[in-house]
Amino acid sequence: MSKMRDAATQSKAWPFEEARRILKRFEKKLPEKGYVLFETGYGPSGLPHIGTFGEVARTSMVRHAFEVLTEGQRKTRLICFSDDMDGFRKVPGNVPNQEMLGRYIDMPLTKVPDPFGEESSFAAQNNKRLRAFLDGFGFEYEFKSSTETYQSGEFDEALVRMAEVFENVMGIMLPTLGNERKATYSPFLPISPISGKVLQVPMISVDAKAGTVTYKEPDSGDEITQPVTGGSCKVQWKPDWALRWYALQVDYEMYGKDLIDSAKIAARITKALGGPAPEGFSYELFLDEQGQKISKSKGNGLSIEEWLEYGPAESLSLYMFQRPRTAKKL
């Protein structure tokens, strides 16, 4: 055993504690895919802030600790997944052209125009900024777009599986919802062929064999049947999280304290789909000067550029390393 690995097996630093937990998961054998997959998720509904950076930085710290612990003998990958097929729910307060953006509520983020007039969509603008941050800090990662993953068919098998266990998923989700939400809830969100919007409508029927869903189109009142595959449907976010874990075979993902219950629900749905849930780590939140959670949709987060006006990159990395389970007020 090398001195470095010996130190890694004894270290009480939280990334090494996490790395040892992941290693324990694979004591008997590596996953069949031949590598350990780390993932971070990002919603491009607003400009990325330091919380977005923090999740990638902290996940990379655990990945590095795992590689030290295994002396590089076990392959790893890190996927940064952008939920850019989500419906646009709210206009952020820190971007231009607010009135124009307001006309695209409920459209997929990749169909919302870029308010800065630089990219093909608002999602493309935010994805570009995220990748520039990550590239600038030298992170090793693979970027995945939700829109591209759904439309390419990469999720098709998992989507059909979601249709097969539709009632199981509803049984997991409905007890967590209020009465009004229960009446309209479905894990499948069809993309309307009429308006192009991401629809939150109840399903009339789900045909797993045909791989289709049938629902009533809000604008016309017509019954429409369309595939769950090929990008015709998005999945509601908690089941979508599970879908991603199942389809990509994710082994490790972090999330904020406010998502602990959501992660537990996603883990149950992953098991209903037939896969194991990943190892997880919950961290405390970043708060603004009012003590409120920073949010991309609210636009109250400190950007990475703003931080770097006052301190070097190393100071930001140190800030992310220190006490991840203690809330940080900015």
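Start with the whole chain in cartoon view: it has 13 helices and 12 strands. Helices (H or I, at least four residues) and strands (E, at least two) are DSSP runs, numbered from the N terminus. This is a predicted model, in which local features need pLDDT of at least 70 and side-chain atom pairs count only at pLDDT 80 or more, while totals for chains, interfaces and linings use all residues. Residues are numbered from 1 along each chain as its sequence is written, and side-chain values use heavy atoms, with hydrogens and water left out.

**The whole chain**

Show the C-alpha atoms. Along the principal axes they fill a box of roughly 70 × 50 × 35 Å. The radius of gyration is 21 Å, which agrees with the value near 20 Å for a compact globule of 330 residues. That radius is taken over C-alpha atoms, and the globule rule is 2.2 Å times the number of residues to the power 0.38.

Next, colour by burial. Of the 330 residues, 51% are buried (buried means under 20% relative accessible area, exposed over 50%, partly exposed in between, with a 1.4 Å probe and protein chains only). Contact means heavy atoms within 4.5 Å. Among contacts between residues at least 6 apart in sequence, 66% join residues at least 24 apart.

**Stop 1: strands β9 and β10**

Select residues 252-256, which are strand β9, together with β10; the two run parallel and are joined by 5 bridges. Strands pair if DSSP finds at least two bridges between them. To find one of these bridges, pick Tyr 255, whose partner in β10 is Ser 282. Now select β10 alone, residues 279-283: 4 of its 5 residues are buried, so the strand is largely enclosed by the rest of the structure.

**Stop 2: Thr 212**

Go to Thr 212 in strand β6, residues 212-216. Thr 212 is buried, with a relative accessible area of 16%. Leaving out residues up to four places away in sequence, Thr 212 touches Ser 205, Val 206, Asp 207, Thr 225, Gln 226, Pro 227 and Val 228.

**Stop 3: Ala 313**

Finish at helix α13, residues 313-321, where Ala 313 is found. Is Ala 313 buried or partly exposed? Ala 313 is partly exposed, with a relative accessible area of 27%. Show its contacts: not counting residues up to four places away in sequence, Ala 313 touches Phe 137 and Leu 308. Then draw a distance from Ala 313 to Gly 136, which is 177 residues away along the chain; their C-alpha atoms are separated by 9.6 Å.
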